[in-house]
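Please consider how the interior of this protein is packed and where empty space is left inside it.

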Amino acid sequence: MNNCHLFKVRLLWETINKFLHMKNNQVKGLSYIPDSNTIYLGKDNKLHLCFQSKYNKQLDNDLFRVLPEIKLLNGDDTYIIPHGYAIYDSNLEILPDRVQNFEIKINRIDYGSIEEHTKYYWRYVYPINFNRWFLQIDSLNYADDEGTYFVFSYIKSILGNSEMHVFVTRRKDKYYMVIQSDAKIDSEEMYKRVFAITTTIGLITGNIFGDYHFQIASDDKNFDSIESVIFGTLEKTKYCNYRIVNNRRVDVYDMLGKYDYQKYAQEIIKGSGFDPDNSYYDSKPLKAKVFNELVNLLYSNNDLVISASMLLEGGTLKTIYQPSFYYVALETITSALKCSSQVKMCPPLENNEYKKVVIPILIEALNGIIELPNDAKRIYTRRIENNLNSPANQDKLAKSFENFGYNLTEADKKAIEQRNYTFHGHLSNIEKELVEQQWDMFAVALRLHKLCCILLLKAAGYTGEILNNEVIWGVKEACERKEPPFINI
């Protein structure tokens, strides 16, 4: 307990409760709203300002337009709804001379202010429906200033020269994930760090964080005071089913019971010592060092963090969209790792030898074609001199896995070979009806997702088991090949 990290959350919860349960606000900017009003969080993750009033001309002017800036005075606190972030609920009945209920839907509310480009301590706060990472990510314990001790609810990473803290705080049935900076940074830097952290957590847990969040800025490292808070509505929280690391073997075992041809995979899991009646999880979560390396990998390269987020979003799309989505991600991840010197690609012929021996012969042969138009000769010459000695795209992709020590299966190689077919304008097999290739597209999507994750995990230093989703999700061809449910990388 003495070495346990302490996070102060009392003021955090007070702030959240104020935003989500305000009432009797004095409203400036819409003069007809009475002081008897309430604010609540709707199922649409917007804040709703509710009041009663008779229908009037001012109301009529505002019903079908984006509302101007609105100030809410609540005791000593002033909250601002910026112009463009509020609108009346569209489900209204116009009943003149009768008191009725009105609701204004709000996407953003600001409290306090900060100086642009000034550095602050930050907290990004997201609602979540779980409280522990310990089944997936190596995590720590912490205590809060309300005397609560939390087990396996705190992750620490190092970005730049400072720590970033990720922890879960709860009160009764409410849970929030807090991402907190340990040093003063500007708002853009905080956003960049948060994107890398949430995307990394999403890859491991499947969660795409959303609904709403709070951005909190403070001059105090312990957040005993607050300079600014912004409440903002986000896209709805989503869940990507294509997990790649999952130590709850009971989940995998249960999914392998859907089809008879998966039974062999259940036996493989039983043979590893798993007891489906007594085992809850395999206590081998993603190590803290690997998590930190993966966060830094995504943080350091915009293409990588976008590609990783595509892996999450792709799993929520219709199957017919997924293969092309993942081909783009695989191509981008491979290129980004190559540029960061994680992966080295060799040309077909050593460059000096190519320039000395091959280019002169090819240029001479080209010049010998009398009928060749000058424009064609110019284009062919440029290609000979600049990119003819580049490795084939298929070879580049395969080389990435070779450098990380992963041996591609024949099914993996086939999926990689199909990338050219996709990038040359075909999103499906044009010789088959679309309905006939749904399972094929699903299998390719799972395979590509796996390959993308292998590159990211290996680049972060991961060694261990990953899920073989083709088997787990019941792709018959993979099961007929008797592929294992877990793959060691």
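The report below turns from the nonpolar cores to the enclosed cavities and then to one arginine.

The model is predicted. Its largest nonpolar core holds 90 residues, among which Ile179, Leu311, Leu330, Phe401, Leu456, Leu457 and Ile466 touch the most other members. Helix H14, spanning residues 438-459, gives the most to this core, with 14 residues. A second, separate core of 46 residues includes Phe7, Leu20, Tyr32 and Phe167.

Once neighbours within four places in sequence are set aside, Leu456 is in contact with Leu203, Leu294, Leu297, Leu298, Leu304, Ala308, Leu311 and Ile333.

Two cavities of 30 Å³ or more are counted, and they are set out here.

| Cavity | Volume | Lining residues |
|---|---|---|
| Largest | about 40 Å³ | Leu203, Ile204, Ile244, Leu294, Cys453, Leu456 and Leu457 |
| Second largest | about 40 Å³ | Gly202, Leu203, Cys240, Tyr242, Arg243, Leu311, Leu312, His449 and Cys453 |

The lining of the largest cavity consists of seven nonpolar residues, with no polar and no charged ones; helix H3 (187-205) and H14 each supply at least two of these residues, and the largest share, three residues, comes from H14. For the second largest cavity, the lining divides into six nonpolar, two polar and one charged residue, and H3, helix H7 (302-314) and H14 each supply at least two residues.

Is Arg248 buried or exposed? Arg248, found in the loop between strand S18 (238-239) and helix H4 (249-255), has a relative accessible area of 18% and, because this is under the 20% cut-off, counts as buried. Its side chain makes a polar contact, at 2.9 Å, with the side chain of Asp251.

How values were computed:
Residues are numbered from 1 along each chain as its sequence is written. This is a predicted model: local features need pLDDT of at least 70, side-chain atom pairs count only at pLDDT 80 or more; totals for chains, interfaces and linings use all residues. Side-chain values use heavy atoms; hydrogens and water are left out. Helices (H or I, at least four residues) and strands (E, at least two) are DSSP runs, numbered from the N terminus. Buried means under 20% relative accessible area, exposed over 50%, partly exposed in between (1.4 Å probe, protein chains only). A polar contact is a pair of N or O atoms within 3.5 Å; within protein, one must be able to donate a hydrogen and the other to accept it, and residues adjacent in sequence count only if both atoms are side-chain atoms. A nonpolar core is a set of buried Ala, Val, Leu, Ile, Met, Phe, Trp, Tyr and Cys residues joined through side-chain atoms within 4.5 Å. Contact means heavy atoms within 4.5 Å. On a 1 Å grid over the protein atoms alone, a cavity is a set of points where a 1.4 Å probe fits but cannot get out, and a pocket is an open set with protein on both sides within 12 Å along at least five of seven lines; lining residues have an atom within 4 Å of a point. Grid points are joined across faces, edges and corners, and a volume is the space filled by probe spheres set on the points. Ala, Val, Leu, Ile, Met, Phe, Trp, Tyr, Cys and Pro count as nonpolar, Asp, Glu, Lys and Arg as charged, and the others, Gly among them, as polar.
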